[in-house]
Amino acid sequence: MASLRGWREGLVSARTTDSARDIPEATVARLPVYLRALTTLVDNGTATCSSEELAAAAGVNSAKLRKDLSYLGSYGTRGVGYDVDYLRYQIAREIGVTQDWPVVIVGIGNLGHALANFSGFRSRGFRVVALLDADPTRRGEVVAGIDVRDFADLDAIVREHGVAIGVIATPATAAQDVADRMVEAGISSILNFAPTVIAVPAGVDVRKVDLSIELQILAYHEQRKQAEATA
Ligand SMILES: NC(=O)c1ccc[n+]([C@@H]2O[C@H](COP(=O)([O-])OP(=O)(O)OC[C@H]3O[C@@H](n4cnc5c(N)ncnc54)[C@H](O)[C@@H]3O)[C@@H](O)[C@H]2O)c1
C-alpha cells in the first residue's frame with residue numbers, strides 16, 4: 001500500500017537499480033498508460049520498441065516518456081530500444097499490479113452492474129470479491145458470477161479477503177456513509193464514482209471518477225471552437 005499512500009503526498013518511492021528515488025505524481029499517473037500500451041505491444045508479438053514507438057502508442061511525447069522511464073531506472077538499449085515484456089513487468093511492479101488486489105464494489109445499480117461486468121479489472125490484477133448493496137430487493141441477484149450481498153457484510157468480507165480497495169457506486173447522498181464504513185472496516189483506498197467530495201482520515205487515499213466533468217471540459221472547448229468559427 002505504500003505507493004498508493006504516496007499518491008496523496010504527490011510522490012512515491014521508486015525501486016531503482018542504484019538508489020531510491022522519488023517519482024513525481026504526474027509520472028505515476030502516466031505509468032498505467034504506458035502499461036496499457038506495452039500490453040498491447042506484447043499481445044501483438046512485439047519484442048522491442050523505440051521510445052518514439054512507445055510514446056506514440058501511449059499518446060505522449062518521447063522526451064517525456066524517456067524522462068518518466070528514467071525514474072524506474074529504464075533507459076532502453078541504444079539502437080535496440082526497450083525490451084517490451086521486461087519494461088511492462090517493471091512498470092506493473094512499480095504500480096503494484098504484479099500482485100492481486102481484491103476489490104469490493106458498493107452500490108449495484110446501473111453503474112455497479114457495468115463495473116462488475118467489466119473484464120478489464122481482472123485482467124489488470126483487480127479481482128472483484130464482493131458486490132454489496134443496501135437494497136434488500138437486490139439480494140440474491142448474481143452479477144458476473146458474484147452474488148449481491150448485504151452492505152452489512154462489508155466487515156466480514158474485508159477481513160476474509162484482505163480487501164484494501166473499495167469502489168463506491170452509490171448515490172451521492174450515501175457516499176460519505178459508505179466511505180466511513182469502508183474505512184472502519186479497514187479499507188484504505190477508495191475509488192469514488194459518486195458526484196460528491198468525501199472526507200477520509202489521513203492514510204486513506206481517494207480517487208474520484210466523474211465522466212460528466214470530462215464532458216463539461218469538452219463542452220467548454222467545443223463552445224470556444226464554435227465561437228471562433230463564427231467570429
Ligand atoms: N463517475 C461517473 O462518471 C458516473 C457515471 C455514472 C453514474 N455515476 C454515479 O454513480 C452512482 C450510481 O449511479 P447509478 O446510475 O448506478 O445509480 P442507481 O440508483 O442505479 O444505483 C445506486 C445503487 O446504490 C445502492 N445504495 C444506495 N444507498 C446505499 C448505501 N448506503 N449502501 C449501499 N448501497 C446503497 C442502491 O440500492 C442502488 O442499487 C451515482 O452517484 C451516479 O451519480 C457516476
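These legends accompany several views of one predicted model.

**View 1. The whole chain, with its ten helices and eleven strands.** Let us start with the overall frame before moving in. The C-alpha atoms fill a box of roughly 60 × 55 × 35 Å along the principal axes. Of the 231 residues in the chain, 26% are buried. Among contacts with a separation of 6 or more, 54% link residues 24 or more positions apart.

**View 2. The shell of 25 residues around the ligand.** The closest of these residues are Gly-107, Gly-109, Leu-111, Asp-135 and Leu-211. Two helices, α6 (110-117) and α9 (172-185), each supply at least two residues of the shell. Of the elements to look for here, α9 gives the most, with four residues. Sorted by class, the shell holds 15 nonpolar residues, alongside five polar and five charged ones.

**View 3. The stretch that UniProt lists under "binding site".** The record, an unreviewed entry, names Gly-107, Ile-108, Gly-109, Asn-110, Leu-111 and Gly-112. In the model, Gly-107, Gly-109 and Leu-111 are among the residues closest to the ligand. Gly-109 sits in the loop that runs between β5 (101-106) and α6. This glycine counts as partly exposed because it has 13 C-beta neighbours inside 10 Å, and a residue is called exposed at 12 or fewer.

**View 4. Leu-111 in helix α6.** Here we stay with one of the residues closest to the ligand. Leu-111 has 18 C-beta neighbours inside 10 Å, so it counts as partly exposed; a buried residue would need 20 or more. Setting aside neighbours within four places in sequence, Leu-111 is in contact with Ala-169 and Phe-193.

**View 5. The buried residues of helix α3 and the elements they pack against.** Helix α3 spans residues 51-58, and Leu-54, Ala-55 and Ala-58 are buried there. These three lie on the same side of α3, because they cover an arc of only 100° around the axis. Follow the buried residues outwards to find their packing partners: the helices α2 (25-43) and α4 (62-70), together with the strands β3 (48-49) and β4 (82-83).

**View 6. Gly-59, just after helix α3.** A last look at the backbone takes us past the end of the helix. Gly-59 adopts a positive phi of about 75°. Ala-58, one of the buried residues of α3, belongs to the helix itself, whereas Gly-59 comes just after α3.

How values were computed:
Residues are numbered from 1 along each chain as its sequence is written. This is a predicted model: local features need pLDDT of at least 70, side-chain atom pairs count only at pLDDT 80 or more; totals for chains, interfaces and linings use all residues. Two residues are in contact if their C-beta atoms, placed from the backbone, lie within 7 Å. A residue is near a molecule or strand if its C-beta atom, placed from the backbone, lies within 6 Å of it. Ala, Val, Leu, Ile, Met, Phe, Trp, Tyr, Cys and Pro count as nonpolar, Asp, Glu, Lys and Arg as charged, and the others, Gly among them, as polar. UniProt positions are given in the numbering used here, feature names are shortened, and annotations may be inferred rather than shown by experiment. The arc is that of the directions from the helix axis to the C-beta atoms.
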